[in-house]
Amino acid sequence: MSVSKFREELKNILIEPNTTTITSIKKIVHENNYFNLSDADRRSILDQVLRCHVLDIVLSKPPNLYDVCKMWTSFTIELVRNEMCTAIMPVVILSDMFDVTTMDVCEKMFDHVESNVNVLKEPQFFMACKNNLLRMCNDLLRRLSRSRNTVFCGRILLFLAKFFPFSERSGLNIVSEFNLENVTEYLNENHFDQTECMPDSTPEDEAKSDIIIEKVNVDKNLYLKFWSLQDYFRNPNQCYKTEHWKLFIAHTDFIFSTFQSHKLEHVNRMDNESAEQNMHYFPKYLTNQKLLELQLSDVNFRRYILIQFLLLFQYLDAPVKFKLDNFKIKPEQQEWIKNSITTIYELINNTPPDGVRFSEVVKNILQREEQWNKWKNDGCPEVTKRLPTSDQSDMPSPKRRLRRNLGDVIKNMTANNKVFLGDPDLTKLWNLKPDNLEACKGPERDFLPSFDSFFQEAFEQLDPELCIESQYKKVNDGNFGWRALRLLARKSPHFFAQSNNPIHKLSEYLENMIKKTMSKEKISINQGSDKHVSPNKEFKKESVIESEEVDISEGIQDENENENNIEVEDKNKIPKQIIDQVASAIGEKWNILAEKLGYQPDEIEFVKTIKTTPLDQATYLLEVWVEDAENPKPENLIYILEEIQLIEAANILKS
């Protein structure tokens with residue numbers, strides 16, 4: 001049988017698919033040997049025939065398109081389970097139907113997608129269909145309007161949340177980005193019309209209202225301060241800048257005082273309208289100046305604003321992994337935030353109806369948000385479901401491993417000059433060094449600082465040309481003096497030298513000891529060189545070493561420690577040749593990577609001025625990131641490269 005003949009017979013069978021259709025297809029495939037095709041080729045032919053046939057049916061615009069979608073989707077699922085076509089065909093058929101139909105019809109057909117979510121999550125379908133299904137949903141979202149088709153957009157997002165596992169990283173905001181495009185437009189100071197005012201409400205409207213309020217005097221000052229806060233809610237990182245923070249505090253305190261001076265009082269309604277009919281949802285704030293008086297008198301609107309404040313305050317003080325190092329708040333800012341949160345909860349409790357209950361719900365939500373943030377900071381580990389006690393009792397008990405004889409274990413450990421303590425962690429810790437006493441004497445356990453590092457600042461302050469007042473010198477600091485005496489007793493030979501001149505003050509004693517210890521080494525250095533240094537300029541030297549009597553092992557230990565630290569840092573850093581390869585793969589997209597890494601626009605422009613080609617710019621960016629980043633591990637850079645679709649560069653780091 002030829003391939004074209006096989007396709008014609010498949011089309012004839014697929015006119016009215018039913019339970020016997022699959023049997024008929026199997027009969028054609030197995031009883032007729034057409035070109036000795038493999039199973040994969042046969043599935044490809046059936047996929048193409050099935051896809052073209054369903055597309056022709058949809059384009060003919062049948063009256064019951066929903067039933068057609070349901071029938072063919074269920075039929076392709078059965079074909080996949082019988083290994084007659086590829087696993088992605090149910091999603092491909094749905095995607096083709098959505099592409100050629102209107103949004104109203106798509107919204108009806110999406111019911112069938114939601115009803116088959118458990119089927120699509122089966123292992124046979126999930127791995128093959130997840131990318132196609134995600135692409136289909138994203139195509140629908142791009143066609144929809146977030147303001148007019150809000151319900152349908154929400155259904156699609158809820159379906160994706162049910163379909164993908166909880167720890168799926170593609171659906172998470174790992175790096176804590178903000179939607180900076182969500183700008184709230186409102187009248188500026190020049191276009192604000194002070195003469196326009198709100199129309200007076202009629203007695204009928206007041207009778208129907210749930211809330212009795214005292215009218216708020218909405219002027220230009222209140223309007224501009226109120227809506228300007230939305231910019232801080234959109235981009236909370238502005239609050240870490242001093243000038244923005246001062247402006248934010250002033251506007252926030254003004255809004256809080258406005259809310260406190262105009263409290264809402266709840267009145268029971270006399271009609272039979274349900275509470276659901278009185279609740280309205282708007283995906284975007286309306287900023288007309290005439291509406292602000294009514295908005296401030298609305299319970300839901302006031303709660304929206306107060307919850308926005310709580311979310312902002314929680315972010316400012318939360319330990320977010322991808323925050324910049326300078327994004328930290330000061331103690332006085334923390335105190336102000338704490339007082340503001342107390343004020344917000346008082347306002348929520350006093351806002352009817354059920355203010356106290358609503359406040360408890362908000363606290364619960366924010367507490368769960370903290371757990372969610374901690375989970376993301378830990379790298380989004382896999383979430384496992386804990387089985388109930390009844391299910392655990394039915395599970396078979398795991399096989400017990402045969403334990404070695406304790407005597408044999410101790411015998412083997414003793415033969416290897418090791419000690420067995422019973423616990424594996426303690427045993428490992430105890431046997432890190434064969435001789436524990438020598439391990440305690442190791443250079444890495446010498447925590448005493450050197451004279452050069454400890455006395456450097458105090459030695460420079462002795463210079464009379466600096467004109468430093470006595471009370472501000474280090475030698476007058478009691479904590480410094482106590483540590484200095486301990487260091488001198490351990491490492492200075494002058495500490496135990498007898499003197500006929502008694503010293504009554506600790507500061508005077510330390511000055512003499514610092515001069516003896518540090519200046520003696522200054523003179524010895526100058527005598528060994530050809531250059532002559534005058535005694536008056538002796539204090540201005542930056543290089544200070546210890547006296548000849550101090551054991552030189554201190555310097556050897558510091559050098560060994562530095563070499564060890566350099567080796568550890570070099571292991572964590574990305575090699576130069578790898579940086580060059582990654583930079584070549586990034587190319588002209590280096591500025592996108594720079595924004596992801598947190599560099600500001602002026603810093604990106606500076607790179608463009610000092611480097612001319614994209615390759616040099618990308619190389620310079622990676623070298624700067626490796627040197628300045630707090631944790632420049634390759635896996636962190638791999639994750640960011642994958643986020644911005646630079647897969648080739650990420651694969652270079654992986655290999």
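The legends below describe close-up views of a predicted model. Local features are described where pLDDT is at least 70 and side-chain atom pairs where it is 80 or more, while totals for chains, interfaces and linings use all residues. Residues are numbered from 1 along each chain as its sequence is written, and side-chain values use heavy atoms, with hydrogens and water left out.

**Figure 1. The second largest pocket and its lining.** A pocket is an open set of points on a 1 Å grid over the protein atoms alone, with protein on both sides within 12 Å along at least five of seven lines; lining residues have an atom within 4 Å of a point. The space in the second largest pocket amounts to about 1700 Å³, where a volume is the space filled by probe spheres set on grid points that are joined across faces, edges and corners. Its lining comprises 43 residues, and Phe322, Leu324, Lys596, Leu597 and Gly598 lie nearest the centre. At least two lining residues come from each of helix H27 (590-596), helix H28 (601-610), helix H29 (614-628) and helix H30 (634-643). Helices are DSSP runs (H or I, at least four residues), numbered from the N terminus. The lining contains 19 nonpolar, ten polar and 14 charged residues. In this classification Ala, Val, Leu, Ile, Met, Phe, Trp, Tyr, Cys and Pro are nonpolar, Asp, Glu, Lys and Arg are charged, and the others, Gly among them, are polar.

**Figure 2. Two of the cavities.** The model holds three cavities of 30 Å³ or more; a cavity is a set of grid points where a 1.4 Å probe fits but cannot get out. The largest cavity has about 40 Å³ of space and is lined by Ile574, Ile578, Ile579, Val582, Leu622, Trp625, Val626, Leu637 and Leu653. Helix H26 (576-586) and H29 each contribute at least two residues to that lining, which consists of nine nonpolar residues, with no polar and no charged ones. The second largest cavity also has a volume of about 40 Å³. Around the second largest cavity are Ile174, Ser176, Val320, Lys321, Phe322, Asn373, Lys376 and Asn377, a lining of three nonpolar, three polar and two charged residues.

**Figure 3. A nonpolar patch on the surface.** Val419, Leu421, Leu426, Leu429, Trp430 and Leu432 make up this patch, and together they have about 600 Å² of accessible area. Patches are made of residues with over 30% relative accessible area and no salt bridge; nonpolar side chains (Val, Leu, Ile, Met, Phe, Trp, Tyr) are joined within 5 Å. Accessible areas come from the Shrake-Rupley method with a 1.4 Å probe, and for residues only the protein chains shown count as cover. Leu432 sits in the loop between helix H19 (424-430) and helix H20 (436-440). With a relative accessible area of 59%, Leu432 is exposed; exposed means over 50%, buried under 20%, and partly exposed in between.

**Figure 4. Backbone features in two loops.** Most residues other than glycine have a negative phi, and most peptide bonds are trans. Pro352 and Pro353, however, are joined by a cis peptide bond with omega of about -5°. Pro353 belongs to the loop between helix H15 (331-349) and helix H16 (355-377), and Asp354 is found in that loop between H15 and H16. Asp354 has a positive phi near 55° and is exposed, at 54% relative accessible area. Gln645 likewise has a positive phi, of about 65°. Gln645 lies in the loop between H30 and helix H31 (647-654) and is exposed, at 57%.

**Figure 5. Salt bridges between and within helices.** Side chains of opposite charge can pair when their charged atoms come close. The structure holds nine salt bridges, each a side-chain nitrogen of Lys or Arg within 4 Å of a carboxyl oxygen of Asp or Glu. One of them joins Arg51 and Asp96, at 2.7 Å from N to O. This pair links distant parts of the chain, with Arg51 in helix H3 (residues 39-59) and Asp96 in helix H5 (residues 89-99), 45 residues apart. Arg51 is partly exposed, at 37% relative accessible area, whereas Asp96 is buried, at 12%. Another salt bridge connects Asp111 with Arg155, their closest N and O atoms being 2.5 Å apart. Asp111 lies in helix H6 (residues 103-115) and Arg155 in helix H9 (residues 150-163), so the pair ties together parts that are 44 residues apart in sequence. Glu605 and Lys608 also form a salt bridge, with closest N and O atoms 3.7 Å apart. These two residues are separated by about one helical turn because they are three residues apart in helix H28.

Note on methods: Patch = residues over 30% accessible without salt bridge, like charges linked within 9 Å, V, L, I, M, F, W, Y side chains within 5 Å. Buried < 20%, exposed > 50% of the residue type's maximum accessible area, 1.4 Å probe, protein only.
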